[in-house]
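These are my notebook entries on the enclosed spaces of one model and on a strand inside it. I wrote them down in the order in which I looked things up.

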Amino acid sequence: MFSGAGLSAESGIPTFRGNEGHPLWSQFNPMELASAAGFEANPKRVIEWYNWRRGKLAHARPNAAHLALARHPQLVEITQNVDDLLERAGVPPRAVLHLHGTIGKDRCNGSCGYEEAIDLAQPPPLRDCPRCGARLRPAVVWFGEGLPSEIWNEAQRICSALDCLLVVGTSAVVYPAASLIEVAAAAGGTIISINTERCDPSGAFGSSGAKHIELVGPASAMVPQLLEGLSFDALR
Ligand code: BJW
């Protein structure tokens, strides 16, 4: 399974794009809030924005789609989401590949490697790394930054070897993550997408020769319906 923000939308976590609710990038400039340059220019604003989102996540609960996925422990959950709702639904942490990091941790913005879990309900304000004195920042992947290499390599390996990739709630416009759909299609896998909007055929879903089954509807209804009664072979 490969997911994006739409998987968590019905848990009250805002999406970035799309036509429903108030997507984040319709209200905020992504380069000011989700890039190293934006953090450099105004670190306090960036931390306050992430802490606002952390507060929402602290009070969110997994929805029926997260819970349905958790009932299939053989599935690997490759997600762009920085929330921990799959884990809270019962998916073992080792079965979740977070391509864009996690909002539940801070890490050093320098190079000392310091990381710290934070309390989502009471996230700390902008502060310095206790090890090296650089700023601490959310342990997420911003625009222009590379994805964590081990996780990225594992995700590519899995997508190149599967029969079917279930794609839930992503606009599939952010690369390299969206290229996983192309990797799976190129390897002959069937793509089943679940989204409240039709997929853009000019993007990752339009890979030539792809077998694509498009299901239009909310994840919390469609994922449980699709997975009910199915069993899967382990992928890892
Ligand atoms: C539902 C639903 C329901 C709603 N049920 N469905 C120019 C400059 C710099 C970089 C680039 C550039 N041009 C291209 C790039 C590369 C860039 C990129 O792809 N940009 C494009 C946007 C153009 N990528 C990167 O920079 C990546 N790194 C990289 O490429 O490194 C190499 C490099 C090095 C140096 C220079 C350039 C490149 C890193 C990308 C990191 C993305 N980070 C974010 C923020 C993470 C932290 C945080 O959360 O704050 O990741 S951005 C945001 O988008 C977030 C998401 O993970 C990601 C994907 O979004 P997602 O999940 O698809 O959500 P939405 O909102 O887009 O879609 C939701 C969907 O759900 C919609 O379709 C709805 O219809 C649907 N939906 N309700 C079902 N109930």
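I looked up the largest cavity, a set of points on a 1 Å grid over the protein atoms alone where a 1.4 Å probe fits but cannot get out, and I noted about 160 Å³ of space in it. Of the 13 residues that line the largest cavity, Ile-13, Pro-14, Arg-53, Val-82 and Asp-83 are the closest to its centre, where lining residues are those with an atom within 4 Å of a point. Helix α5 (residues 43-58) gives the largest share of this lining, 3 residues.

I kept in mind that this is a predicted model, in which local features need pLDDT of at least 70, side-chain atom pairs count only at pLDDT 80 or more, and totals for chains, interfaces and linings use all residues. Residues are numbered from 1 along each chain as its sequence is written, and side-chain values use heavy atoms, with hydrogens and water left out.

I then turned to the second largest cavity, with about 40 Å³ of space; among the residues lining it are Ile-47, Asp-106 and Leu-136.

Next I asked why strand β7 (residues 164-168) is largely enclosed by the rest of the structure. The reason I wrote down is that 4 of its 5 residues are buried, meaning under 20% relative accessible area with a 1.4 Å probe, protein chains only.

Last, I checked the partners of β7, taking two strands as paired if DSSP finds at least two bridges between them. Strand β1 (residues 2-3) pairs with β7 in the parallel sense over 2 bridges, and strand β8 (residues 190-195) pairs with β7, also parallel, over 5 bridges, with Leu-166 opposite Ile-192 in β8.

How values were computed
Buried < 20%, exposed > 50% of the residue type's maximum accessible area, 1.4 Å probe, protein only. 1 Å grid on protein atoms, 1.4 Å probe; cavity = no way out; pocket = protein on both sides within 12 Å on 5 of 7 lines; lining within 4 Å. Points joined across faces, edges and corners; volume = space filled by probe spheres on them.
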